[in-house]
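Trainee: Could you take me through one part of this model closely, and then set that part in its surroundings?

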Amino acid sequence: MYSKDGESYFIVDAHVALWDARPENQRSIHGKQFIDCFYDYHRNLSPEGEVWSYEDYLYQGGERLMRDLFENGYVDHAVFQPAFLGEFYNNGFGQTEEASALAKAHPDKLTYNHNFDPRNGEVGLEQLRADAERFGLKGVKLYTAEWHGESRGWRLDDPWAYRYFEACRELGITNIHIHKGPTIRPLDRDAFDVADVDHVATDFTDLNFVVEHCGLPRLEDFCWIATQEPNVHAGLAVAMPFIHTRPRYFAQIIGELLYWVGEDRIQFSSDYALWTPKWLIERFVDFQIPEDMTEYAPVTTAQKKKILGLNAAKMYDIEVPTELRLPDADEPATGPRGADDIAERAADPTELAGV
Amino acid sequence: MVLALRGTTADTATSATAYTAAHAALSTVFDPELDEPITDLGFVRSLAVDEARVTVHLRLPTSFCSPNFAYLMASDAKDALTALPWTEHVVVQLDDHHDSDLINAGLAADAGYRGTFRHEAEQDLDELRETFRRKAHTAAMERCLTALLRAQPDRQVDRLGEVTLGDLPDDERTAALRRRRAALGLPDVRTAVVLVSHDGTTYAAADVPLALRRARSTRVSIDGNAHFCRGLLRTRYPGSEQDQTERPEGAEPADAVLRPPTAPTAPTFIPLTQLKEHLS
């Protein structure tokens with residue numbers, strides 16, 4: 001819970017990890033390259049006082065995670081979204097045992113999502129059933145650029161992926177978090193393309209598809225698909241920290257998402273341990289669209305409350321104190337929000353200043 | 001960027017010209033995703049000219065930048081240098097990337113895209129290039145039309161579909177749009193409609209506002225990516241800001257802070273006075 005200026009915000013951090021990237025767990029040079037890439041993201045986008053040492057960054061441990069999220073970070077509930085990365089790390093990147101044990105010890109605070117890889121075929125399907133039982137899965141985190149032997153990527157609309165989504169439906173795993181990466185087969189096309197999300201969202205309307213990084217670096221493709229599919233949601237992992245170094249870009253991202261996707265389908269996350277939630281939440285509550293960027297409406301307190309926690313709480317059936325709840329917006333299920341008044345608003349030159 | 005130039009003293013002037021020509025050739029190589037020359041982005045780590053031998057090292061913002069884009073830029077760089085009449089041996093190497101070994105071996109053997117990526121490649125990267133040529137056009141179009149809206153407050157958004165190239169001011173923004181149109185094969189005449197899809201289709205008045213909004217999301221995305229990638233390169237390779245030119249579109253105060261006040265913008269052509277310091 002975070003409170004400021006008489007307003008209280010219920011916080012759900014919808015994308016956190018407990019990873020181990022220490023040298024002894026690195027399986028190849030790619031394990032080092034991967035965590036170095038994360039560390040550069042961290043150094044590049046964090047305020048000076050929030051930068052961790054490289055050693056701390058390699059592995060944070062459960063104790064520090066609990067402190068960073070729940071003692072210092074205002075978070076009421078967090079959802080583990082582990083990446084496997086078995087080709088890069090001996091024991092995987094996300095630490096299944098440690099994270100799931102933490103979630104088991106603190107069910108009121110933590111939800112453990114697991115992952116699957118459709119290239120594991122029948123064996124993987126059996127494993128998914130076992131994992132669903134063992135962890136009580138409500139969601140999964142899928143990384144389409146995962147390396148797997150000769151293959152370095154898969155698509156959500158591959159036939160085998162459909163078998164897994166059918167199993168998810170049957171097992172009550174309703175929340176599918178999607179993380180796009182640089183490799184996919186074939187390499188002929190754009191690996192960050194989200195067209196496959198469009199296909200699965202249409203074919204599995206009873207599943208929620210949360211596209212992490214709100215499709216970045218393809219915000220435009222994501223927005224266009226998400227506006228047409230009522231079960232596609234925007235995850236703000238990696239987008240959040242732009243609020244510090246690139247506040248105008250962040251404003252445009254939020255402005256575009258609110259316009260195309262709407263306030264009920266955007267989820268906050270710190271992407272811990274890429275960043276810590278405390279400063280992101282404080283900044284976001286203070287955030288406003290710059291005055292000269294009038295093509296976007298100001299962000300309301302109710303919208304901030306939904307993004308910071310209420311939307312993810314609804315998706316994960318997390319109990320929210322009655323006084324902090326808000327009704328859904330009176331918006332169409334699909335199509336851009338406020339589309340009807342675009343012409344009217346844009347006709348006013350001040351509305352488009354600073355675009 | 002590390003500059004290196006070798007040759008006999010008598011050849012100095014010729015060598016400097018050769019170096020300049022090699023750099024100019026590299027400046028024709030674009031990052032298709034960010035729609036900018038690799039020389040402006042700081043992706044050229046070093047360029048060495050030793051008579052007919054040219055060696056280039058490229059660097060990218062992360063080890064995990066998309067391998068298909070990485071390959072495109074590296075192979076385009078090799079092609080551009082090989083096309084110079086005086087080059088006989090061109091070596092292009094991509095540094096510090098997860099696919100460096102694969103891509104560098106492919107480049108050295110002139111294996112082509114399919115030969116380099118084997119089972120991961122189906123046909124070619126033409127569709128990928130086309131996708132980003134279209135996005136670059138969309139963003140350039142949006143910049144022009146939004147500028148027009150600001151300059152002409154009485155203009156109705158839903159009548160933007162009537163604007164032609166002749167209505168645009170003769171400035172760099174319009175020139176950039178015309179270059180992107182040419183890349184798509186769109187007409188370059190004063191009467192040509194500005195707001196069009198990649199194949200030249202115009203929009204009905206009722207669809208114009210939404211078309212502009214879509215174009216805006218593309219422009220926001222490209223500008224945002226361009227600055228994030230530049231910033232990551234500076235974080236990964238301290239000093240690389242010396243090799244980056246300013247990108248005014250989408251720039252924020254932090255970009256000025258990150259750039260040392262004394263740093264010159266990277267020249268498109270290396271001044272000869274500067275080159276002489278590197279002559280041996």
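Mentor: What follows begins with one helix of chain A and works outward from there.

The model is a predicted one, and the helix I would choose is α8 of chain A, which spans residues 219-226. Seven of the eight residues of α8(A) are buried, so the helix is largely enclosed by the rest of the structure. The buried residues are A:Leu219, A:Glu220, A:Asp221, A:Phe222, A:Cys223, A:Ile225 and A:Ala226. What covers them includes α7, β8, β9 (232-235) and α10 (247-260) of chain A, together with α8 of chain B.

The loop that leads from β8 (208-211) to α8 (219-226) of chain A contains A:Pro217, and the peptide bond joining A:Leu216 to A:Pro217 is cis, with omega about 10°. A second cis peptide bond, from A:Arg185 to A:Pro186, has omega near -5°; A:Pro186 is placed in the loop between β7 (175-179) and α7 (195-203) of chain A, and α7 is itself among the elements that cover the buried residues of α8(A).

Since α8 of chain B is also part of that cover, the contact between the chains deserves attention next. On the side of chain B, 45 residues are in contact with 41 residues of chain A. The elements of chain B that give two or more residues to this side are α3 (67-82), α6 and α8 (208-236), and the largest share, 16 residues, comes from α8(B). By class, the side of chain B that touches chain A has 15 nonpolar, 19 polar and 11 charged residues.

Chain B is itself divided into domain 1 (2-125 + 238-276) and domain 2 (126-223). The contact between these domains takes nine residues from domain 1 and eight residues from domain 2, and on the side of domain 1 the residues divide into three nonpolar, two polar and four charged. In the loop between α5 (112-117) and α6 (126-151) of chain B lies B:Arg118, whose phi is near 45°, a positive value in a residue other than glycine. B:Arg118 counts as exposed, because it has 11 C-beta neighbours inside 10 Å and the cut-off for an exposed residue is 12 or fewer.

Chain A offers a counterpart to look at in A:Tyr74, whose phi is near 65°, again a positive value in a residue other than glycine. A:Tyr74 lies in the loop between α3 (61-71) and β4 (77-80) of chain A, and it is buried, with 22 other C-beta atoms within 10 Å.

A last part of chain A to consider is a helix pair. Two packed helices are described by the angle between their axes and the distance between the axes. The axes of α5 (residues 121-135) and α6 (residues 159-171) of chain A come within 11 Å and cross at roughly 20°; these two helices are therefore roughly parallel to each other, as angles under 35 degrees count as roughly parallel. In passing α6(A), α5(A) makes a right-handed crossing. From α5(A) the contact is made by A:Gly121, A:Leu125, A:Leu128, A:Arg129 and A:Ala132, and from α6(A) by A:Trp160, A:Arg163, A:Tyr164, A:Ala167 and A:Leu171. The residues of this contact divide into seven nonpolar, one polar and two charged.

Definitions and conventions:
Residues numbered from 1 in each chain as written. Chains lettered and ligands numbered in written order. Predicted model: local features only at pLDDT ≥ 70, side-chain atom pairs only at ≥ 80, totals over all residues. Helix = DSSP H or I, 4+ residues; strand = E, 2+ residues; numbered from the N terminus. Buried ≥ 20, exposed ≤ 12 C-beta atoms within 10 Å, placed from the backbone. Axes fitted to C-alpha atoms, helices over the stretch in contact; angles between N-to-C directions. Parallel < 35°, antiparallel > 145°, perpendicular 65-115°, else oblique. Left-handed = near helix turned anticlockwise from the far one by under 90°. Contact = placed C-beta atoms within 7 Å. Nonpolar A, V, L, I, M, F, W, Y, C, P; charged D, E, K, R; others polar. Domains from an automatic or database assignment.
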